[in-house]
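Colleague: Hi, do you have a minute to walk me through a structure? I'm still new to this, so plain words would help.

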Amino acid sequence: MQDYTNDAVKAVMAAYTPIQVKTLIHNHDESNFVHHQTTKEIVDFYAEHNEEIHHWLLDDSHAYEYYANAMGAYNYAQAKCTTDKERFALQNEYLKDVVYIFIATICYDLAASHDMLDMSMDEVENYQLAKELQHAKTKLTVIDGGKK
């Protein structure tokens with residue numbers, strides 16, 4: 001993937017491991033959005049990155065379809081709400097949908113940019129372990145003052 005300046009993209013890239021990315025692109029079950037499970041986590045992420053999220057989803061032709069459908073469903077359901085409690089609960093569901101669509105889109109882009117789409121889960125696990133090993137070696141070199 002290119003060097004993105006979008007902080008929302010960076011946050012997803014920093015949070016999700018290659019194994020979590022691979023899992024998410026094959027199964028969009030809510031439980032697989034492991035770093036965005038609670039309403040607080042979702043609302044906090046949205047509050048910090050809402051403009052970036054919406055711009056990304058508007059610009060991505062594939063994600064836009066899901067985004068627009070979610071927005072249409074939200075607007076329709078909003079008109080049916082009769083209490084503030086219902087509106088608040090619906091708003092939280094909408095925010096979750098938007099955040100999950102965004103994360104799923106970024107995970108797909110990440111997997112595509114690292115040639116992980118056609119990798120087996122074993123290959124992705126080996127890829128992640130190799131990255132973690134390289135990171136540990138680099139960290140040890142820094143701690144040891146660059147000595148070999």
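Modeller: Happy to; we can begin with the whole chain and then look at a few residues. One thing to keep in mind is that this is a predicted model.

Colleague: Good to know. How many helices and strands does the chain have?

Modeller: The chain has 6 helices and 0 strands. Reading from the N terminus, the order is α-α-α-α-α-α. The radius of gyration is 18 Å, well over the 15 Å that the globule rule gives for 148 residues, so the chain is more spread out than a compact globule.

Colleague: And what does the C-alpha trace span along its principal axes?

Modeller: About 70 × 30 × 25 Å.

Colleague: How much of the chain is buried?

Modeller: Of the 148 residues, 32% count as buried. The accessible surface comes to about 9500 Å², and carbon and sulfur atoms hold 54% of that.

Colleague: What about contacts between residues far apart in sequence?

Modeller: Take the contacts between residues at least 6 apart in sequence: 70% of them join residues at least 24 apart.

Colleague: Switching topic: how many charges are there, positive and negative?

Modeller: There are 12 positive and 24 negative charges, and the mean positions of the two groups are 7 Å apart.

Colleague: Let's zoom in on α5. How far does that helix reach?

Modeller: Helix α5 covers residues 84–113, which is 30 residues. From its first C-alpha to its last it reaches 43 Å, close to the 44 Å expected at 1.5 Å a residue.

Colleague: Which residue in α5 could we look at?

Modeller: L95 is a good pick, as it is found in helix α5. L95 is buried, because its relative accessible area is 10% and the cut-off for buried is under 20%.

Colleague: Which residues does L95 touch?

Modeller: Not counting residues up to four places away in sequence, L95 touches I42, V43 and Y46. You can also compare positions with M71: the two are 24 residues apart in sequence, and their C-alpha atoms are 10.0 Å apart in space.

Colleague: What follows α5?

Modeller: The helix is followed by D115, whose phi is positive, near 55°. D115 is not a glycine, yet it has that positive phi.

Colleague: Why point that out?

Modeller: Most residues other than glycine have a negative phi.

Colleague: Is D115 buried or exposed?

Modeller: D115 counts as exposed, at 61% relative accessibility. You can find D115 in the loop between α5 and α6, and α6 covers residues 121–143.

Colleague: Back to helices, then. Where is F45?

Modeller: F45 sits in helix α3, residues 39–59. With a relative accessible area of 7%, F45 is buried.

Colleague: What is F45 in contact with?

Modeller: Leaving aside neighbours within four places in sequence, F45 is in contact with A8, A11, V12, H36, I53, V99 and F102. Of these, A8, A11 and V12 fall within the α1 range of 7–15, and V99 and F102 fall within the α5 range of 84–113.

Colleague: Nice, I can follow that on screen. How far is F45 from H35?

Modeller: Their C-alpha atoms are separated by 10.0 Å, and the two residues are 10 apart along the chain.

Colleague: Where is H35 itself?

Modeller: H35 is in the loop between α2 and α3. At 33% relative accessibility, H35 counts as partly exposed. Its contacts, leaving aside neighbours within four places in sequence, are A15, Y16, Q20 and E41. From H35 to A89 the C-alpha separation is 21 Å, with their positions 54 residues apart along the chain.

Colleague: What else is in the loop between α2 and α3?

Modeller: N32 is found there too. N32 counts as buried, at 14% relative accessibility. Not counting residues up to four places away in sequence, N32 touches Y16, T23, L24 and N27. Y16 is also a contact of H35.

Colleague: Last one: where is T17?

Modeller: T17 is in the loop between α1, residues 7–15, and α2, residues 18–26. At 26% relative accessibility, T17 counts as partly exposed. The C-alpha atoms of T17 and E123 are separated by 14 Å, though the residues are 106 apart along the chain.

Colleague: Thanks, I'll go and find these in the viewer.

Technical notes. Residues numbered from 1 in each chain as written. Predicted model: local features only at pLDDT ≥ 70, side-chain atom pairs only at ≥ 80, totals over all residues. Heavy atoms only, no water. Helix = DSSP H or I, 4+ residues; strand = E, 2+ residues; numbered from the N terminus. Rg over C-alpha atoms; globule rule 2.2 N^0.38 Å. Buried < 20%, exposed > 50% of the residue type's maximum accessible area, 1.4 Å probe, protein only. Contact = heavy atoms within 4.5 Å. Areas by Shrake-Rupley, 256 points an atom, 1.4 Å probe, with all protein chains shown as cover. Lys, Arg positive; Asp, Glu negative; His and termini not counted. Charge placed at Lys NZ, Arg CZ, Asp CG, Glu CD. Expected span 1.5 Å × (residues − 1).
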